Structure formats: C-alpha cells, structure tokens
Amino acid sequence: MKIIMLGAPGAGKGTQAKMIAEKYSVPHISTGDIFRANIKNGTQLGMEAKKYMDQGLLVPDELTVKILLDRVAKEDCAGGYVLDGFPRTIPQAQVLDNALKELDDQIDFAINVDVPDENIVRRMGGRRACLSCGATYHIEHIPSKKEGVCDACGKELVLRDDDKPETVKNRLDVYHQQTQPLIDFYEKKGILRTVDGTVDMKDVFAAITAILD
Ligand code: AP5
Ligand code: MG
Ligand code: ZN
C-alpha cells in the first residue's frame with residue numbers, strides 16, 4: 001500500500017502518517033523529518049536545507065527529490081509506504097509518478113487532511129517536537145507524559161524553529177501557491193480522498209482507515 005499525505009502545514013499529516021504506518025506495517029517517510037535529522041547532525045544537506053526551512057520556504061526540488069527516491073528504493077519500502085510532506089510541488093509529483101511507472105507501480109491513495117488556515121496558526125504554537133525520534137505532541141491536545149520530555153525516547157521536546165507565527169504564515173502562503181495544486185493533480189488521477197482534519201485525531205484516523213481498509 002502506497003499512500004501520500006496532503007495537507008497544509010500543521011494539518012496533522014505527521015500525526016496520522018505515524019498511526020497509518022503502525023496499523024498497516026509500512027514505513028513512515030517524512031522529508032521534513034529527514035531534513036531535521038540532517039540539521040541536527042550538522043550535515044551539508046542539513047545546513048543547506050535549514051536556510052530555506054527557517055524562512056518557511058520549500059527546499060529546492062534538486063535536493064529533495066533525490067533523497068526521497070533513494071529512501072523509497074530501500075528494501076523496507078517494498079511492501080509500500082506512507083509519504084508525509086512529499087510531494088509538495090507538481091514537479092516532485094511528476095518525478096515520483098515517473099519513477100513508479102518504471103517499476104510498473106503507482107500510488108494507491110492521496111489523503112488530503114483538510115484544516116482551514118485559522119485553525120493552523122493556533123495549533124502550531126502549541127506543538128512540541130522531538131528532534132531525536134520525530135515524535136510530535138501538542139501542549140493541550142496531545143501532551144507528553146512529562147512536560148518537555150519525549151515519551152518515546154526520553155529526549156528534550158522543543159518548539160520547532162519554523163513554528164514561530166511569522167514563519168507559519170509564510171509556510172501557509174507557500175502551501176497555497178505550490179502544494180495545493182496537488183489536490184487537483186491527484187483528483188484527476190481519481191485517487192484523492194479528503195478527510196476533515198479539524199476533528200479529534202482519533203476520528204480523523206477512523207475516517208482514514210475507512211478509506212484504506
Ligand atoms: P514538514 O516537516 O513536512 O512540515 P509541514 O508540512 O509544514 O507540516 P508539519 O510537520 O508542520 O505539520 P503536520 O501536518 O505534520 O502536522 P502534525 O501532525 O505535526 O516540512 C518542514 C519544512 O521542510 C518545509 O517548510 C520545507 O522547508 C521543508 N520540506 C519538507 N518536505 C519538503 C519537500 N517535499 N519539498 C521541499 N521542501 C520540503 O500536527 C500539528 C500539531 O497539531 C501537532 O502539535 C499535533 O499534535 C496537533 N494535532 C494533530 N492532529 C490534531 C487534531 N486532530 N486535533 C488537534 N490537534 C492536532
Ligand atoms: Mg509533519
Ligand atoms: Zn523522541
């Protein structure tokens with residue numbers, strides 16, 4: 001099963017992708033998590049990506065596409081995967097499409113987690129992220145057991161650099177300009193499914209599993 005998660009920054013793509021990955025035993029692949037891991041480890045890629053991410057801009061396709069194609073070529077992806085944060089531009093979607101076509105393969109569903117902009121800005125300020133294992137929490141909706149500490153790995157939780165209100169606004173603008181056109185792209189292919197992302201995360205997940213089962 002090959003799934004793409006679509007949705008604005010903070011719509012809950014990562015939250016849902018992790019639950020999907022667990023239930024259907026497929027890897028969760030987040031380009032954002034890959035970039036953040038590289039930033040944390042001080043790699044060349046991380047330093048380059050950070051310049052864009054801190055401004056709320058997209059990392060150029062040249063950097064992003066290769067990383068994603070290398071990742072999905074790994075053995076653990078043979079049975080499928082859930083992509084979170086990729087593709088984010090029409091060219092990225094086309095590259096993925098072509099790579100899959102060569103393998104006589106295709107994406108099964110593009111799941112659009114729909115949340116209006118007003119809700120997004122409120123959500124982001126409360127998000128806390130673990131830069132070690134990628135887990136995310138929300139100080140009100142999904143708190144960690146111990147404040148500021150990751151339940152999964154025990155490391156420190158932080159407010160992401162790009163979750164400051166001014167940057168969130170840029171990310172939303174970039175989303176509407178560059179990523180939202182993908183909704184049409186997958187609609188035309190007949191694989192788009194939209195779920196209401198404003199309800200409780202368990203209800204969002206129930207709507208998604210109803211599609212996938
Ligand atoms: P990325 O890491 O993908 O960030 P994003 O798309 O901005 O999305 P987020 O991770 O912020 O939100 P999410 O939808 O995963 O929501 P979450 O589940 O955390 O990308 C970061 C940057 O990397 C980009 O800006 C770009 O620069 C670069 N990048 C990455 N991929 C790229 C690509 N392909 N091309 C180019 N550049 C790329 O939930 C948000 C919060 O809400 C959490 O606190 C959560 O606990 C809470 N929450 C979740 N669901 C609910 C619910 N139902 N009710 C209440 N609260 C909820
Ligand atoms: Mg995410
Ligand atoms: Zn952690």
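This passage looks at a zinc site, the small sheet beside it in sequence, and the pairing around strand β4. The model is predicted, so local features need pLDDT of at least 70 and side-chain atom pairs count only at pLDDT 80 or more, while totals for chains, interfaces and linings use all residues. Residues are numbered from 1 along each chain as its sequence is written, chains are lettered from A and ligands numbered from 1 in the order in which they are written, and side-chain values use heavy atoms, with hydrogens and water left out.

Four cysteines hold the zinc ion (ligand 3): Cys130, Cys133, Cys150 and Cys153 each coordinate through SG, at 2.3 to 2.4 Å. Donors here are N, O and S atoms within 2.8 Å of the metal (3.2 Å for Na, K and Ca); water is not among the atoms, so sites may look incomplete. Angles among the four donor atoms run from 98 to 117 degrees, making the site tetrahedral (four donors, all angles between 85 and 135 degrees). Along the chain, the donors of this zinc ion are spaced C-x2-C-x16-C-x2-C. Cysteine 133 and cysteine 150 thus tie together distant parts of the chain, 17 residues apart: cysteine 133 is in the loop between β5 and β6, cysteine 150 in the loop between β6 and β7.

Cysteine 133 is partly exposed, at 40% relative accessible area, whereas cysteine 150 is buried, at 3% (buried is under 20%, exposed over 50%, partly exposed in between, with a 1.4 Å probe and protein chains only). Leaving aside neighbours within four places in sequence, cysteine 133 touches Cys150, Ala152 and Cys153, with contact meaning heavy atoms within 4.5 Å.

The strands flanking these loops form an open, antiparallel three-stranded sheet in the order β6-β5-β7. β6 and β7 (157-158) are at the edges with a single partner strand each, so one side of each has no neighbour in the sheet. Strands are DSSP E runs of at least two residues and helices H or I runs of at least four, numbered from the N terminus; two strands pair if DSSP finds at least two bridges between them. β5 and β7 are joined by two bridges, with alanine 129 opposite valine 158 in β7.

Elsewhere, strand β4 (residues 109-114) has five of its six residues buried. β4 runs parallel to β1 (residues 2-6), joined by four bridges, and also pairs in parallel with β8 (residues 192-196), over five. Asparagine 112 in β4 stands opposite leucine 6 and opposite threonine 194 in β8.

Definitions and conventions:
Four donors count as tetrahedral if all angles lie between 85 and 135 degrees; four count as square planar and six as octahedral if opposite donors are over 155 degrees apart and all others between 65 and 115; anything else is irregular.
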